[in-house]
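Thanks for coming. I will put the structure up and then go through a few residues, the aromatic pairs and the cavity.

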Amino acid sequence: MTTPSRTLRRLPLHLAATVTIVVCLFPVYWMVTTAFKPNRDIQSDHPRLLPRSWTLDHFQRAVHADGFGLFWRNSVLVTLSAVLLALLVALGASFAVARMRWRGRRQFMLMVFVAQMAPWESLIIPVYIISRDTGMLDRLPTLTLVYFMITLPFTIVVLRGFIATIPAELEESAQVDGCTRTGAFRHIAFPLLAPGLMATSLFGYITAWNEFAYANFLIIKQQDHRTLPVWLSSFHNTFGTDWGATMAASTLFALPALVIFLLLQRHVTSGFAAGAVKG
């Protein structure tokens with residue numbers, strides 16, 4: 001039973017947590033409410049936390065804007081391709097690092113950590129020059145490869161940690177019973193990697209879905225190959241910014257990532273310690 005003194009000691013932690021949550025969620029709240037406000041309320045000198053009246057006009061302008069459906073398809077295609085490719089390559093690399101002993105293994109992981117720490121924005125110019133010289137500008141596969149490179153180091157690090165927590169004796173027992181090494185991994189270790197696969201796929205999806213700089217610099221002439229983050233800038237013109245449509249478009253843009261996070265979050269948090277125990 002919680003005593004009053006213990007409650008008082010925890011009060012600063014609860015207050016700090018509350019302030020953190022409010023600070024993090026308020027911009028999202030303001031974005032969503034602005035999307036439903038009429039223009040007169042958005043441009044008012046006395047902003048209100050709740051709209052006086054609600055409207056869907058901004059969402060209609062966003063959905064019917066030029067390129068909405070096309071850019072949405074491009075974002076989904078590039079994001080899913082990059083995530084699946086990163087999971088496939090990282091699964092083999094992390095298994096080799098966690099289960100096998102070979103010369104250069106430590107150096108390989110060191111290079112992966114260095115690649116993970118490098119700011120990807122600093123590589124925009126080299127990537128642009130390489131894409132230009134190889135004729136890969138204005139192509140969706142180029143964006144897919146870039147997002148694949150961005151998400152791959154993190155995916156390798158996380159999956160390697162998950163594989164290392166799975167007892168190797170489980171796979172060895174399966175091999176004694178007649179399974180090959182690949183079959184033992186597929187039937188024993190792979191099902192226990194579900195939390196790690198979900199965590200890395202969630203990170204990769206959010207990273208690729210929200211990326212703007214590469215999509216803006218690598219797709220120049222072929223406007224039809226751009227993605228949703230670039231499409232959001234279309235609500236700014238010489239007359240100013242259509243804030244209502246911009247907030248509505250941003251809400252629609254954030255909705256898929258939010259839904260995927262809510263679907264995977266419970267499985268990710270509950271499965272970090274449960275995988276090896278279930279084995």
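In which helix is Phe154 found? Phe154 is in helix H7, which covers residues 140-165. Before I go on, please keep in mind that this is a predicted model.

Staying with Phe154, the relative accessibility is 24%, so the residue counts as partly exposed. If we leave aside neighbours within four places in sequence, the contacts of Phe154 are Gln116, Thr200 and Phe203. There is also a C-alpha distance to report: Phe154 and Ala90 are separated by 9.0 Å, with their positions 64 residues apart along the chain.

Next, the loop that comes between helix H6, residues 124-133, and H7. Asp138 is found in that loop. Is Asp138 buried or exposed? Its relative accessibility is 12%, and the cut-off for buried is under 20%, so Asp138 counts as buried. Not counting residues up to four places away in sequence, Asp138 touches Leu218, Ile219, Ile220, Lys221, Gln222 and His225. From C-alpha to C-alpha, Asp138 and Asn216 are 9.9 Å apart in space, and in sequence they are 78 residues apart.

Now the aromatic rings. A pair of aromatic rings is described by two quantities, the distance of the centres and the angle of the planes. The count here comes to eleven aromatic pairs. I will take one of them, Trp72 with Trp209. How far apart are the ring centres of Trp72 and Trp209? The centres are 5.7 Å apart and the planes stand at 85°. Planes over 60 degrees apart count as edge-to-face, so this pair is edge-to-face. The pair links distant parts of the chain, since Trp72 belongs to helix H4, residues 68-99, and Trp209 to helix H10, residues 194-210, with the two 137 residues apart.

The two partners can be set side by side by accessibility. Trp72 has 27% relative accessibility and therefore counts as partly exposed. Trp209 has a relative accessible area of 2% and is buried. Both belong to one aromatic cluster, formed by Phe68, Trp72, Tyr205, Trp209, Trp231 and Phe253.

Ser75 is also in helix H4. At 3% relative accessibility, Ser75 counts as buried. Trp209 comes up again here, because Ser75 touches Trp209, along with Thr227, Leu228 and Pro229, when residues up to four places away in sequence are not counted.

Helix H13, residues 243-271, is where Thr251 sits. Thr251 has a relative accessible area of 14%, so this residue is buried. With the same exclusion of residues up to four places away in sequence, Thr251 touches Met31, Val32, Ala35 and Phe59.

Last, the cavity. Rolling a probe the size of a water molecule over the atoms shows where empty space is left. How many cavities of 30 Å³ or more does the structure hold? The structure holds one. The volume of the largest cavity is about 50 Å³. Its lining is made up of Lys37, Asp41, Ser44, His46, Pro47, Arg48, Leu50, Pro51 and Arg52. By residue class, the lining divides into four charged, three nonpolar and two polar.

One of those lining residues is Lys37, and it has a ring partner as well. Lys37 lies over the face of Trp30, at 3.9 Å from the ring centre.

That is what I have for today.

Terms used
Residues numbered from 1 in each chain as written. Predicted model: local features only at pLDDT ≥ 70, side-chain atom pairs only at ≥ 80, totals over all residues. Heavy atoms only, no water. 1 Å grid on protein atoms, 1.4 Å probe; cavity = no way out; pocket = protein on both sides within 12 Å on 5 of 7 lines; lining within 4 Å. Points joined across faces, edges and corners; volume = space filled by probe spheres on them. Nonpolar A, V, L, I, M, F, W, Y, C, P; charged D, E, K, R; others polar. Phe/Tyr/Trp six-rings, centres within 6.5 Å; stacked < 30°, edge-to-face > 60°. Helix = DSSP H or I, 4+ residues; strand = E, 2+ residues; numbered from the N terminus. Buried < 20%, exposed > 50% of the residue type's maximum accessible area, 1.4 Å probe, protein only. Lys NZ or Arg CZ within 6 Å of the ring centre and 35° of its normal. Contact = heavy atoms within 4.5 Å.
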